[in-house]
Amino acid sequence: MPKATANRPRLLPWSENGKRVYLHAGDPKGIISRLADEMEEAQLGAGREVLGAARTLLDDPDASRPELRFTATRLTECLFDALRIAESRGERLADDEDEGEAEDR
């Protein structure tokens, strides 16, 4: 798990009124960081479950249109969550690399 750094606020895996939420003074072991880590893991776990169910449904030639639409909606939600997590972790990895380069100088 990438560690939070002071260089950049951490994008959190939830929103407030549809807007992104950031943790500005990030203690990587703090309660908000731990909660975010736990929520990211739960979101990724849900994504794995939805993906498994979607594969099963897509293998069923008798799947109904409402079932397929429901599954597509859930997959879209899970993809949104996974992309947000990837963005957040990518930013933290970039910060870690920048710090490593600065220490090497």
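**Exercise 1. Locate Y22 in the fold, and state which residue its C-alpha atom is paired with across the chain.**

Solution. Y22 is found in strand β2, where a strand is a DSSP run of E with at least two residues, a helix is a DSSP run of H or I with at least four, and both are numbered from the N terminus. The model is a predicted one, in which local features need pLDDT of at least 70, side-chain atom pairs count only at pLDDT 80 or more, and totals for chains, interfaces and linings use all residues. Residues are numbered from 1 along each chain as its sequence is written, and side-chain values use heavy atoms, with hydrogens and water left out. The C-alpha atom of Y22 is separated by 4.6 Å from that of L11, and these two residues are 11 apart along the chain. With a relative accessible area of 34%, Y22 is partly exposed; buried means under 20%, exposed over 50%, and partly exposed in between, with a 1.4 Å probe and protein chains only.

**Exercise 2. Examine the backbone of N17 and state what sign its phi has.**

Solution. Begin with the position: N17 is found in the loop between β1 (10-16) and β2 (19-23). Its phi is positive, about 55°, although N17 is not a glycine. Most residues other than glycine have a negative phi. As for the surroundings, N17 counts as exposed because its relative accessibility is 74%.

**Exercise 3. Trace the charged side chains around R89, and decide whether R89 is buried or exposed.**

Solution. Side chains of opposite charge can pair when their charged atoms come close. The structure holds seven salt bridges, each being a side-chain nitrogen of Lys or Arg within 4 Å of a carboxyl oxygen of Asp or Glu. In one of them, E40 pairs with R89, with 3.1 Å between the closest N and O atoms; this pair links distant parts of the chain, since E40 lies in helix α1 and R89 in helix α2, 49 residues apart. R89 also meets E41 in a salt bridge of 3.0 Å, N to O, and here the residues in helix α2 and helix α1 are 48 residues apart. R89 counts as buried because its relative accessibility is 18%, whereas E41, at 38%, counts as partly exposed.

Next, turn to helix α2 itself, where E77 and R74 are three residues apart and therefore separated by about one helical turn. These two form a salt bridge whose closest N and O atoms are 2.7 Å apart; E77 is partly exposed at 39%, and R74 is partly exposed at 24%. Finally, salt bridges that share partners join R10, D37, E40, E41, R89 and R92 into one network.

**Exercise 4. Describe the place of D37 and name the side chain with which its own side chain makes a polar contact.**

Solution. D37 lies in helix α1, and it counts as buried because its relative accessibility is 18%. Its side chain makes a polar contact of 2.7 Å with the side chain of R10, where such a contact is a pair of N or O atoms within 3.5 Å; within protein, one must be able to donate a hydrogen and the other to accept it, and residues adjacent in sequence count only if both atoms are side-chain atoms.
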